Amino acid sequence: MGCSISLSTPDSEDHVAMNASRCPICNKSGSDSTFDHSYMPFCSRRCADVDLGRWLQEDYRIPGPPAEQPESSDDE
Ligand SMILES: [Zn+2]
């Protein structure tokens, strides 16, 4: 009886992607070298501008009356 089982701790690489935030615009990983964290959660000012533009577009979208669709022709 000399079975010494060496318990080698498995290198779990799961913790690596724990704090990996992603850019909501281009989905770039926060661990990317080109990820500019000064524009969090965006990876760059460009992506931040894109998001801002989207919000502005939403703001500009004025709720107008529903366009009437003349699908029923009134001819007797
Ligand atoms: Zn981005």
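Two residues are in contact if their C-beta atoms, placed from the backbone, lie within 7 Å. The legends below use that term. This is a predicted model, in which local features need pLDDT of at least 70, side-chain atom pairs count only at pLDDT 80 or more, and totals for chains, interfaces and linings use all residues. Numbering starts from 1 along each chain as its sequence is written.

**View 1. The whole protein chain has 1 helix and 0 strands.** Helices (H or I, at least four residues) and strands (E, at least two) are DSSP runs, numbered from the N terminus. Helix 1 covers residues 45-60. Buried residues make up 7% of the 76 residues. Here a residue is buried if 20 or more other C-beta atoms lie within 10 Å of its own, exposed if 12 or fewer, and partly exposed in between; C-beta atoms are placed from the backbone. Take the contacts between residues at least 6 apart in sequence: 13% of them join residues at least 24 apart.

**View 2. Confidence varies along the protein chain.** The score is pLDDT, the predictor's confidence in each residue, from 0 to 100. The chain averages 79, and 66% of the residues score at least 70. Over residues 13-18 the pLDDT is below 50. That stretch has 0 contacts in the model beyond near neighbours in sequence.

**View 3. Four cysteines carry a UniProt annotation, "binding site".** The record, an unreviewed entry, covers Cys-23, Cys-26, Cys-43 and Cys-47. They are spread over 25 residues of sequence, yet they cluster in space, with a largest C-alpha distance of 8.2 Å. UniProt positions are given in the numbering used here, feature names are shortened, and annotations may be inferred rather than shown by experiment.

**View 4. Cys-43 sits in the segment before helix 1.** Cys-43 counts as buried because 24 other C-beta atoms lie within 10 Å. Leave aside neighbours within four places in sequence. Cys-43 is then in contact with Cys-23, Cys-26, Lys-28, Asp-32, Phe-35 and Asp-36. With the same kind of neighbours left out, Phe-35 touches Lys-28, Gly-30 and Cys-43.

**View 5. Cys-47 lies in helix 1.** Cys-47 is buried, because it has 20 other C-beta atoms within 10 Å. Not counting residues up to four places away in sequence, Cys-47 touches Cys-23, Ile-25, Cys-26 and Phe-42.

**View 6. Cys-23 belongs to the largest nonpolar core.** A nonpolar core is a set of buried Ala, Val, Leu, Ile, Met, Phe, Trp, Tyr and Cys residues joined through C-beta atoms within 7 Å. This one has 5 residues in all: Cys-23, Phe-35, Phe-42, Cys-43 and Cys-47. Cys-23 is in the segment before helix 1. Cys-23 is buried, because 22 other C-beta atoms lie within 10 Å. Cys-23 and Phe-42 are 19 residues apart in sequence, but 4.7 Å apart in space, C-alpha to C-alpha. Beyond neighbours within four places in sequence, the contacts of Cys-23 are Lys-28, Pro-41, Phe-42, Cys-43 and Cys-47.

**View 7. A cis peptide bond joins Met-40 and Pro-41.** Its omega is about 0°. Pro-41 lies in the segment before helix 1.

**View 8. Asn-27 has a positive phi of about 60°.** Asn-27 is not a glycine. Asn-27 lies in the segment before helix 1. Asn-27 counts as exposed because it has 9 other C-beta atoms within 10 Å.
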